[in-house]
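User: I have a model open and want to go through its strands and overall fold. Can you take my questions one at a time?

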Protein chains: 2
Amino acid sequence: MENKLVQYFSTLATLTAEEARAIDEGANVKTVQKGTFLWRAGQTIASTYFVWEGCLREYLVVDGEEKTTNFYTENQWAIPFNSFTPQEPILHNLVCVEDTTLSMGNEEEAQHIFKQFPRFETISRAVMETVFQEQRKAMTSYLTDSPEQRYLKLLQSRPDLFQRVPQYQLASYIGVKPESLSRIRKRIMKNDVI
Amino acid sequence: MENKLVQYFSTLATLTAEEARAIDEGANVKTVQKGTFLWRAGQTIASTYFVWEGCLREYLVVDGEEKTTNFYTENQWAIPFNSFTPQEPILHNLVCVEDTTLSMGNEEEAQHIFKQFPRFETISRAVMETVFQEQRKAMTSYLTDSPEQRYLKLLQSRPDLFQRVPQYQLASYIGVKPESLSRIRKRIMKNDVI
(Lines give C-alpha, C1' and ligand atoms only; values in the text may rest on other atoms or scores of the structure.)
Protein backbone atom coordinates (compact mmCIF):
# COMPACT_ATOMS: atom_id res chain seq x y z
CA MET A 1 0.00 0.00 0.00
CA GLU A 2 1.30 3.49 -0.79
CA ASN A 3 1.86 5.72 2.19
CA LYS A 4 -1.60 7.25 2.72
CA LEU A 5 -0.30 9.83 5.17
CA VAL A 6 2.11 11.20 2.55
CA GLN A 7 -0.77 11.21 0.04
CA TYR A 8 -2.99 13.05 2.51
CA PHE A 9 -0.46 15.78 3.28
CA SER A 10 0.29 16.12 -0.44
CA THR A 11 -3.28 17.32 -0.92
CA LEU A 12 -2.61 20.13 1.62
CA ALA A 13 0.86 21.28 0.50
CA THR A 14 3.43 20.50 -2.19
CA LEU A 15 5.91 18.39 -0.26
CA THR A 16 9.66 18.38 -0.84
CA ALA A 17 11.25 14.93 -1.19
CA GLU A 18 12.77 15.43 2.26
CA GLU A 19 9.41 16.26 3.86
CA ALA A 20 7.72 13.27 2.19
CA ARG A 21 10.49 11.01 3.48
CA ALA A 22 10.14 12.33 7.05
CA ILE A 23 6.37 11.68 7.00
CA ASP A 24 6.93 8.25 5.49
CA GLU A 25 9.46 7.32 8.17
CA GLY A 26 7.31 8.67 11.01
CA ALA A 27 4.01 7.19 9.80
CA ASN A 28 3.97 4.40 12.42
CA VAL A 29 1.53 2.15 10.59
CA LYS A 30 -0.35 -0.69 12.30
CA THR A 31 -3.18 -2.99 11.37
CA VAL A 32 -5.56 -3.64 14.26
CA GLN A 33 -8.33 -6.21 14.45
CA LYS A 34 -12.05 -5.54 14.47
CA GLY A 35 -13.19 -5.11 18.08
CA THR A 36 -9.89 -3.65 19.34
CA PHE A 37 -10.24 -0.63 21.64
CA LEU A 38 -7.92 2.29 20.84
CA TRP A 39 -9.25 4.54 23.63
CA ARG A 40 -11.30 3.65 26.69
CA ALA A 41 -13.26 6.34 28.55
CA GLY A 42 -11.40 7.29 31.73
CA GLN A 43 -7.91 6.62 30.35
CA THR A 44 -5.59 9.58 30.47
CA ILE A 45 -3.08 8.69 27.77
CA ALA A 46 -4.38 8.31 24.24
CA SER A 47 -2.94 8.51 20.74
CA THR A 48 -4.13 10.32 17.65
CA TYR A 49 -5.04 8.05 14.72
CA PHE A 50 -5.20 8.59 10.96
CA VAL A 51 -7.21 5.91 9.15
CA TRP A 52 -5.56 4.37 6.06
CA GLU A 53 -8.24 1.74 5.55
CA GLY A 54 -11.02 0.59 7.84
CA CYS A 55 -13.54 2.09 10.23
CA LEU A 56 -13.42 3.27 13.84
CA ARG A 57 -16.42 4.05 16.02
CA GLU A 58 -16.33 6.59 18.84
CA TYR A 59 -18.99 6.36 21.55
CA LEU A 60 -20.05 7.33 25.05
CA VAL A 61 -21.87 5.09 27.53
CA VAL A 62 -24.93 6.81 29.02
CA ASP A 63 -27.01 4.93 31.60
CA GLY A 64 -25.65 1.67 30.24
CA GLU A 65 -26.50 2.59 26.65
CA GLU A 66 -23.98 3.36 23.92
CA LYS A 67 -24.27 6.72 22.17
CA THR A 68 -22.19 6.79 19.00
CA THR A 69 -20.60 10.20 18.51
CA ASN A 70 -18.53 9.57 15.38
CA PHE A 71 -17.29 7.14 12.76
CA TYR A 72 -13.80 7.61 11.34
CA THR A 73 -13.04 6.06 7.95
CA GLU A 74 -10.39 6.45 5.21
CA ASN A 75 -8.39 9.72 5.46
CA GLN A 76 -10.02 10.84 8.70
CA TRP A 77 -8.38 11.73 12.01
CA ALA A 78 -9.44 10.59 15.46
CA ILE A 79 -7.96 13.11 17.91
CA PRO A 80 -8.28 12.48 21.66
CA PHE A 81 -8.60 16.19 22.63
CA ASN A 82 -6.45 15.85 25.71
CA SER A 83 -3.08 15.75 23.94
CA PHE A 84 -2.16 19.11 25.51
CA THR A 85 -3.75 18.23 28.86
CA PRO A 86 -2.92 14.55 29.29
CA GLN A 87 -3.97 14.63 32.95
CA GLU A 88 -7.60 14.97 31.77
CA PRO A 89 -9.35 11.63 31.29
CA ILE A 90 -10.66 10.70 27.87
CA LEU A 91 -14.46 10.97 27.63
CA HIS A 92 -15.01 8.62 24.70
CA ASN A 93 -14.35 5.04 23.70
CA LEU A 94 -12.82 4.33 20.30
CA VAL A 95 -13.18 0.86 18.83
CA CYS A 96 -12.44 -0.75 15.45
CA VAL A 97 -15.65 -1.62 13.57
CA GLU A 98 -13.53 -3.35 10.89
CA ASP A 99 -9.95 -4.59 10.75
CA THR A 100 -8.26 -1.20 10.38
CA THR A 101 -4.90 -0.01 9.08
CA LEU A 102 -3.87 3.30 10.62
CA SER A 103 -1.06 5.64 11.55
CA MET A 104 -0.71 6.44 15.22
CA GLY A 105 1.02 9.42 16.78
CA ASN A 106 1.22 11.75 19.73
CA GLU A 107 2.18 15.32 20.58
CA GLU A 108 5.83 14.45 21.27
CA GLU A 109 6.30 12.87 17.83
CA ALA A 110 4.51 15.81 16.22
CA GLN A 111 6.90 18.24 17.96
CA HIS A 112 9.82 16.23 16.58
CA ILE A 113 8.55 16.70 13.00
CA PHE A 114 7.74 20.39 13.60
CA LYS A 115 11.32 21.03 14.69
CA GLN A 116 12.64 19.71 11.41
CA PHE A 117 9.88 21.22 9.25
CA PRO A 118 8.25 24.21 10.96
CA ARG A 119 5.59 24.71 8.29
CA PHE A 120 4.07 21.37 9.32
CA GLU A 121 2.83 23.05 12.46
CA THR A 122 0.65 25.37 10.36
CA ILE A 123 -0.58 22.42 8.30
CA SER A 124 -1.31 20.53 11.50
CA ARG A 125 -3.29 23.47 12.92
CA ALA A 126 -5.33 23.51 9.71
CA VAL A 127 -6.00 19.76 9.98
CA MET A 128 -7.06 20.11 13.60
CA GLU A 129 -9.34 22.99 12.76
CA THR A 130 -10.96 20.97 9.96
CA VAL A 131 -11.62 18.09 12.34
CA PHE A 132 -13.17 20.42 14.90
CA GLN A 133 -15.20 22.20 12.26
CA GLU A 134 -16.69 18.86 11.22
CA GLN A 135 -17.55 18.12 14.82
CA ARG A 136 -19.10 21.53 15.23
CA LYS A 137 -21.26 20.90 12.19
CA ALA A 138 -22.30 17.55 13.62
CA MET A 139 -23.21 19.20 16.93
CA THR A 140 -25.11 21.93 15.10
CA SER A 141 -26.99 19.34 13.06
CA TYR A 142 -27.82 17.52 16.30
CA LEU A 143 -29.32 20.71 17.73
CA THR A 144 -31.10 21.91 14.61
CA ASP A 145 -32.09 18.97 12.39
CA SER A 146 -34.81 16.37 12.78
CA PRO A 147 -33.76 12.68 12.82
CA GLU A 148 -35.06 12.41 9.21
CA GLN A 149 -32.85 15.30 8.14
CA ARG A 150 -29.83 13.77 9.89
CA TYR A 151 -30.53 10.44 8.21
CA LEU A 152 -30.72 12.07 4.77
CA LYS A 153 -27.60 14.18 5.35
CA LEU A 154 -25.64 11.12 6.43
CA LEU A 155 -26.88 9.13 3.45
CA GLN A 156 -25.68 11.92 1.19
CA SER A 157 -22.34 12.68 2.87
CA ARG A 158 -21.26 9.19 3.94
CA PRO A 159 -23.26 6.57 2.02
CA ASP A 160 -20.57 3.94 2.66
CA LEU A 161 -21.41 3.88 6.38
CA PHE A 162 -24.81 2.34 5.59
CA GLN A 163 -22.97 -0.71 4.22
CA ARG A 164 -20.21 -0.89 6.80
CA VAL A 165 -21.84 -0.29 10.15
CA PRO A 166 -24.58 -2.19 12.06
CA GLN A 167 -28.03 -0.54 12.09
CA TYR A 168 -28.11 -0.02 15.87
CA GLN A 169 -24.85 1.93 15.72
CA LEU A 170 -26.17 4.12 12.89
CA ALA A 171 -29.35 4.67 14.91
CA SER A 172 -27.43 5.79 17.98
CA TYR A 173 -25.30 8.11 15.81
CA ILE A 174 -28.42 9.71 14.33
CA GLY A 175 -29.82 9.90 17.86
CA VAL A 176 -32.81 7.55 17.69
CA LYS A 177 -33.74 4.03 18.78
CA PRO A 178 -33.18 1.26 16.18
CA GLU A 179 -36.99 0.88 15.74
CA SER A 180 -37.27 4.59 14.92
CA LEU A 181 -34.51 4.25 12.32
CA SER A 182 -36.51 1.52 10.54
CA ARG A 183 -39.59 3.76 10.61
CA ILE A 184 -37.62 6.73 9.24
CA ARG A 185 -36.25 4.58 6.43
CA LYS A 186 -39.70 3.25 5.50
CA ARG A 187 -41.21 6.74 5.58
CA ILE A 188 -38.46 8.13 3.37
CA MET A 189 -38.70 5.28 0.84
CA LYS A 190 -42.50 5.64 0.73
CA ASN A 191 -42.31 9.39 0.13
CA ASP A 192 -39.68 8.84 -2.55
CA VAL A 193 -37.52 11.50 -0.95
CA ILE A 194 -34.41 9.76 -2.22
CA MET B 1 -6.41 48.31 32.11
CA GLU B 2 -3.33 46.06 31.88
CA ASN B 3 -2.99 44.10 28.70
CA LYS B 4 -5.08 40.99 29.41
CA LEU B 5 -3.79 39.16 26.36
CA VAL B 6 -0.21 39.47 27.61
CA GLN B 7 -1.39 38.29 31.05
CA TYR B 8 -3.18 35.33 29.48
CA PHE B 9 -0.19 34.17 27.44
CA SER B 10 2.06 34.65 30.50
CA THR B 11 0.10 31.87 32.19
CA LEU B 12 1.00 29.53 29.31
CA ALA B 13 4.68 30.40 28.80
CA THR B 14 7.34 32.64 30.30
CA LEU B 15 7.43 35.49 27.80
CA THR B 16 10.53 37.45 26.84
CA ALA B 17 10.18 41.24 26.92
CA GLU B 18 10.21 41.20 23.13
CA GLU B 19 7.41 38.64 22.93
CA ALA B 20 5.29 40.54 25.46
CA ARG B 21 5.78 43.73 23.44
CA ALA B 22 4.73 42.01 20.19
CA ILE B 23 1.53 40.70 21.81
CA ASP B 24 0.84 44.08 23.36
CA GLU B 25 1.25 45.85 20.03
CA GLY B 26 -0.84 43.31 18.14
CA ALA B 27 -3.64 43.07 20.73
CA ASN B 28 -6.11 45.16 18.69
CA VAL B 29 -8.40 46.07 21.59
CA LYS B 30 -11.93 47.38 21.12
CA THR B 31 -14.89 48.04 23.37
CA VAL B 32 -18.19 47.11 21.75
CA GLN B 33 -21.67 47.89 22.99
CA LYS B 34 -24.21 45.46 24.37
CA GLY B 35 -26.30 44.14 21.50
CA THR B 36 -23.55 44.40 18.87
CA PHE B 37 -23.23 41.38 16.56
CA LEU B 38 -19.69 40.11 16.02
CA TRP B 39 -20.69 37.22 13.77
CA ARG B 40 -23.93 36.62 11.91
CA ALA B 41 -24.85 33.14 10.66
CA GLY B 42 -24.23 32.89 6.93
CA GLN B 43 -21.33 35.37 6.86
CA THR B 44 -18.11 33.97 5.48
CA ILE B 45 -15.56 36.29 7.05
CA ALA B 46 -15.33 36.36 10.82
CA SER B 47 -12.71 37.28 13.41
CA THR B 48 -11.48 35.46 16.48
CA TYR B 49 -12.15 37.28 19.78
CA PHE B 50 -10.49 37.15 23.18
CA VAL B 51 -12.65 38.62 25.97
CA TRP B 52 -10.91 41.12 28.30
CA GLU B 53 -14.07 42.09 30.13
CA GLY B 54 -17.70 41.44 29.27
CA CYS B 55 -19.85 38.63 27.95
CA LEU B 56 -20.61 37.27 24.47
CA ARG B 57 -23.40 34.88 23.59
CA GLU B 58 -23.21 32.43 20.70
CA TYR B 59 -26.45 31.01 19.30
CA LEU B 60 -28.18 29.25 16.44
CA VAL B 61 -31.67 30.01 15.18
CA VAL B 62 -33.78 26.85 14.81
CA ASP B 63 -37.34 27.14 13.52
CA GLY B 64 -37.39 30.77 14.60
CA GLU B 65 -36.13 29.94 18.12
CA GLU B 66 -32.73 30.83 19.50
CA LYS B 67 -30.57 27.99 20.81
CA THR B 68 -27.66 29.31 22.86
CA THR B 69 -24.54 27.22 22.28
CA ASN B 70 -22.01 29.14 24.38
CA PHE B 71 -21.23 32.14 26.55
CA TYR B 72 -17.73 33.63 26.40
CA THR B 73 -16.57 35.72 29.36
CA GLU B 74 -13.24 37.00 30.74
CA ASN B 75 -10.17 35.17 29.34
CA GLN B 76 -12.17 33.05 26.91
CA TRP B 77 -11.79 32.74 23.14
CA ALA B 78 -14.55 32.82 20.56
CA ILE B 79 -13.14 31.13 17.45
CA PRO B 80 -15.20 31.10 14.23
CA PHE B 81 -14.02 27.65 13.04
CA ASN B 82 -13.76 28.68 9.43
CA SER B 83 -10.51 30.64 9.69
CA PHE B 84 -8.75 28.03 7.53
CA THR B 85 -11.74 27.61 5.21
CA PRO B 86 -13.11 31.16 4.92
CA GLN B 87 -15.34 30.18 2.00
CA GLU B 88 -17.50 28.19 4.48
CA PRO B 89 -20.32 30.25 5.99
CA ILE B 90 -20.42 30.77 9.75
CA LEU B 91 -23.10 28.65 11.44
CA HIS B 92 -23.53 30.71 14.61
CA ASN B 93 -24.41 34.24 15.67
CA LEU B 94 -22.21 35.97 18.24
CA VAL B 95 -23.63 38.93 20.13
CA CYS B 96 -22.52 41.06 23.09
CA VAL B 97 -24.65 40.39 26.18
CA GLU B 98 -22.82 43.24 27.97
CA ASP B 99 -20.62 46.11 26.81
CA THR B 100 -17.50 44.09 26.08
CA THR B 101 -13.80 44.88 25.79
CA LEU B 102 -11.98 42.40 23.59
CA SER B 103 -9.02 41.69 21.34
CA MET B 104 -9.82 40.77 17.78
CA GLY B 105 -7.62 38.92 15.32
CA ASN B 106 -7.51 36.70 12.29
CA GLU B 107 -5.34 34.00 10.71
CA GLU B 108 -3.26 36.49 8.73
CA GLU B 109 -2.29 38.45 11.85
CA ALA B 110 -1.56 35.20 13.69
CA GLN B 111 0.78 34.13 10.87
CA HIS B 112 2.58 37.46 11.18
CA ILE B 113 3.27 36.82 14.90
CA PHE B 114 4.26 33.18 14.23
CA LYS B 115 6.88 34.30 11.71
CA GLN B 116 8.56 36.47 14.35
CA PHE B 117 8.05 34.02 17.24
CA PRO B 118 7.63 30.44 15.97
CA ARG B 119 6.90 28.98 19.43
CA PHE B 120 3.65 30.96 19.48
CA GLU B 121 2.28 28.57 16.92
CA THR B 122 2.60 25.72 19.44
CA ILE B 123 1.01 27.86 22.15
CA SER B 124 -1.76 28.78 19.75
CA ARG B 125 -2.40 25.12 18.91
CA ALA B 126 -2.66 24.41 22.64
CA VAL B 127 -5.16 27.27 23.10
CA MET B 128 -7.24 26.04 20.18
CA GLU B 129 -7.22 22.52 21.53
CA THR B 130 -8.36 23.75 24.96
CA VAL B 131 -11.25 25.64 23.38
CA PHE B 132 -12.31 22.59 21.40
CA GLN B 133 -11.93 20.33 24.42
CA GLU B 134 -14.33 22.56 26.35
CA GLN B 135 -16.79 22.39 23.49
CA ARG B 136 -16.44 18.66 23.34
CA LYS B 137 -17.20 18.42 27.04
CA ALA B 138 -20.26 20.63 26.55
CA MET B 139 -21.45 18.39 23.70
CA THR B 140 -20.82 15.31 25.81
CA SER B 141 -22.74 16.81 28.71
CA TYR B 142 -25.57 17.61 26.31
CA LEU B 143 -25.71 13.96 25.22
CA THR B 144 -25.24 12.38 28.63
CA ASP B 145 -26.58 14.66 31.39
CA SER B 146 -30.13 15.49 32.42
CA PRO B 147 -31.17 19.17 32.40
CA GLU B 148 -30.87 19.12 36.23
CA GLN B 149 -27.29 17.89 35.99
CA ARG B 150 -26.44 20.51 33.37
CA TYR B 151 -27.96 23.20 35.57
CA LEU B 152 -25.92 22.08 38.59
CA LYS B 153 -22.69 21.75 36.57
CA LEU B 154 -23.14 25.25 35.16
CA LEU B 155 -23.89 26.66 38.59
CA GLN B 156 -20.67 25.11 39.85
CA SER B 157 -18.40 25.95 36.92
CA ARG B 158 -19.74 29.38 35.92
CA PRO B 159 -21.83 30.85 38.77
CA ASP B 160 -21.32 34.38 37.42
CA LEU B 161 -23.49 33.59 34.37
CA PHE B 162 -26.55 33.31 36.62
CA GLN B 163 -26.11 37.00 37.50
CA ARG B 164 -25.11 38.24 34.06
CA VAL B 165 -27.40 36.54 31.59
CA PRO B 166 -31.21 36.61 31.16
CA GLN B 167 -33.04 33.47 32.32
CA TYR B 168 -34.38 32.56 28.86
CA GLN B 169 -30.82 32.53 27.48
CA LEU B 170 -29.62 30.30 30.31
CA ALA B 171 -32.60 28.01 29.69
CA SER B 172 -31.79 27.69 25.98
CA TYR B 173 -28.14 26.99 26.84
CA ILE B 174 -29.16 24.22 29.24
CA GLY B 175 -31.55 22.97 26.57
CA VAL B 176 -34.93 23.51 28.20
CA LYS B 177 -37.85 25.96 27.98
CA PRO B 178 -37.76 28.89 30.44
CA GLU B 179 -40.72 27.37 32.39
CA SER B 180 -38.76 24.14 32.82
CA LEU B 181 -35.76 26.09 34.13
CA SER B 182 -37.94 27.62 36.85
CA ARG B 183 -39.25 24.16 37.77
CA ILE B 184 -35.70 22.75 37.88
CA ARG B 185 -34.59 25.59 40.13
CA LYS B 186 -37.54 25.11 42.52
CA ARG B 187 -36.99 21.34 42.64
CA ILE B 188 -33.28 21.75 43.39
CA MET B 189 -33.88 24.37 46.11
CA LYS B 190 -36.58 22.18 47.69
CA ASN B 191 -34.31 19.14 47.70
CA ASP B 192 -31.49 21.23 49.12
CA VAL B 193 -29.12 19.83 46.53
CA ILE B 194 -27.08 23.03 46.59
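User: In which sense do strand β4 and strand β5 of chain A pair?

Analyst: This is a predicted model: local features need pLDDT of at least 70, side-chain atom pairs count only at pLDDT 80 or more, and totals for chains, interfaces and linings use all residues. Residues are numbered from 1 along each chain as its sequence is written, with chains lettered from A and ligands numbered from 1 in the order in which they are written. Strands are DSSP runs of E, at least two residues, numbered from the N terminus, and two of them pair if DSSP finds at least two bridges between them. β4(A) (residues 56-62) and β5(A) (residues 65-72) share 7 bridges, and the sense is antiparallel.

User: Which residue in β5(A) stands opposite Leu56(A)?

Analyst: β4(A) and β5(A) form a hairpin with 2 residues between them. In the turn, Asp63(A) has a positive phi of about 50 degrees. Across from Leu56(A), in β5(A), stands Tyr72(A).

User: What is the bridge partner of Arg57(A) in β7(A)?

Analyst: β4(A) also pairs with β7(A) (residues 93-96), antiparallel, over 4 bridges. There, Arg57(A) has as its bridge partner Val95(A).

User: What is the radius of gyration of chain A?

Analyst: Chain A has 8 helices (DSSP runs of H or I, at least four residues) and 8 strands. The globule rule (2.2 Å times the number of residues to the power 0.38) gives 16 Å for 194 residues. The chain's value is close to that, so chain A is as compact as a globular protein of that length. Taken over C-alpha atoms, the radius of gyration is 18 Å.
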